[in-house]
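Me: I am new to this structure and would like to know what the descriptive terms rest on. Please take them one at a time.

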Amino acid sequence: MRERHDVVVVGAGPAGAACALTLAARGVETLVLDRARFPRSKACAGGLSPGARRSLEELGIWDDVVRETQHVDSVRLVSPSAIPVTVRGALECDVINRRKLDATLFDRLKATDAAVREGVTVTDVSPAPDGGALVRAKGPDGEEVIEARWAVVAAGAAWRRRMERRSRRFNHSMMARYRGVDHDRHA
């Protein structure tokens with residue numbers, strides 16, 4: 001007998017966690033799968049736009065998140081000749097270490113009725129013959145097939161390319177942290 005859920009959410013990053021938190025709050029039986037183990041580090045998505053702030057407020061976790069953010073209200077550019085230009089008020093946002101954002105969302109998710117499994121790699125999501133979805137995954141206990149009425153894939157751009165059967169491209173990102181740099185904390 002296969003495992004069955006109302007909804008399987010693939011990915012426990014901000015989008016997947018927000019989806020699962022919303023479903024769980026409405027009493028929808030939800031399983032969340034992520035290949036990582038939390039807390040994890042990611043080099044991207046540390047900027048929280050005003051829209052992201054509103055979403056986190058709707059989820060009831062902005063007060064937890066804002067304690068870890070740095071508010072940014074300007075952009076500072078320095079030319080090769082070392083002449084700085086600062087533009088203020090173009091866009092305001094809050095910046096957070098992605099590890100802290102994910103940990104806050106993940107901790108809130110684990111406090112709900114949603115089932116959460118880390119270290120599980122989803123290999124395929126396909127329509128089930130009788131409707132719904134089949135989610136194929138590999139985890140510590142081997143391969144499994146999970147049935148769901150719905151599957152939500154919130155696993156990033158690489159997953160989208162895979163589902164569209166597009167050629168594999170490599171994306172690279174770099175992250176650096178500096179100490180002792182004289183700068184405007186809000187730029």
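Reply: What follows goes through the terms in turn, for a model that is predicted.

Me: What makes up the secondary structure of the protein chain, and which pattern does the chain follow?

Reply: The protein chain has five helices and nine strands. Along the sequence they come in the pattern β-α-β-β-α-α-β-β-α-β-β-β-β-α.

Me: Which strands form the open sheet, and in what order?

Reply: Six strands form the open sheet, in the order β6-β2-β1-β9-β8-β7, and the pairing is mixed. On average, neighbouring strands of this sheet are turned by 40° against each other, with direction ignored.

Me: Why are β6 and β7 called edge strands?

Reply: Strands β6 (115–118) and β7 (121–127) each pair on one side only. Pairing requires at least two bridges between two strands, so a strand that meets this on one side only is an edge strand.

Me: How do you know that β1 and β9 count as paired?

Reply: The cut-off is at least two bridges, and strand β1 (residues 3–10) and strand β9 (residues 142–153) have seven, so they count as paired. The sense of this pairing is parallel. One bridge takes V10 to its partner V153 in β9.

Me: Where does helix α1 lie with respect to these strands?

Reply: Helix α1 (residues 14–25) lies across β1, β2 (30–34) and β9. Its direction is at about 135° to β1.

Me: What makes β7 and β8 a pair, and what lies between them?

Reply: β7 and strand β8 (residues 133–139) are joined by six bridges in the antiparallel sense, and at least two are needed, so they form a pair. T121 stands opposite K138 in β8, and P127 has A133 in β8 as its bridge partner. The two strands form a hairpin with five residues between them. In the turn, G131 has a positive phi of about 100°.

Me: How many bridges and how many intervening residues do β8 and β9 have?

Reply: β8 and β9 pair over seven bridges in the antiparallel sense. They form a hairpin with two residues between them, and the bridge partner of G139 is G142 in β9.

Me: Why is V75 called partly exposed?

Reply: V75, which lies in strand β4, has a relative accessibility of 44%. Buried means under 20% and exposed means over 50%, so 44% falls in between and V75 counts as partly exposed.

Me: What makes V75 eligible for a nonpolar surface patch, and which residues make the patch?

Reply: A patch residue needs over 30% relative accessible area, and V75 has 44%, so V75 passes that cut-off. The patch covers about 330 Å² and is made by V75, L77, V85 and V87. Strands β4 (70–78) and β5 (84–95) each supply at least two of the patch residues.

Me: How much of the protein chain is buried, and how much area does the chain expose?

Reply: Of the 187 residues in the protein chain, 30% are buried, a term that means under 20% relative accessible area. The chain exposes about 12200 Å², of which carbon and sulfur atoms supply 51%.

Conventions
Residues numbered from 1 in each chain as written. Predicted model: local features only at pLDDT ≥ 70, side-chain atom pairs only at ≥ 80, totals over all residues. Heavy atoms only, no water. Helix = DSSP H or I, 4+ residues; strand = E, 2+ residues; numbered from the N terminus. Buried < 20%, exposed > 50% of the residue type's maximum accessible area, 1.4 Å probe, protein only. Areas by Shrake-Rupley, 256 points an atom, 1.4 Å probe, with all protein chains shown as cover. Axes fitted to C-alpha atoms, helices over the stretch in contact; angles between N-to-C directions. Contact = heavy atoms within 4.5 Å. Patch = residues over 30% accessible without salt bridge, like charges linked within 9 Å, V, L, I, M, F, W, Y side chains within 5 Å. Salt bridge = Lys/Arg side-chain N within 4 Å of Asp/Glu carboxyl O.
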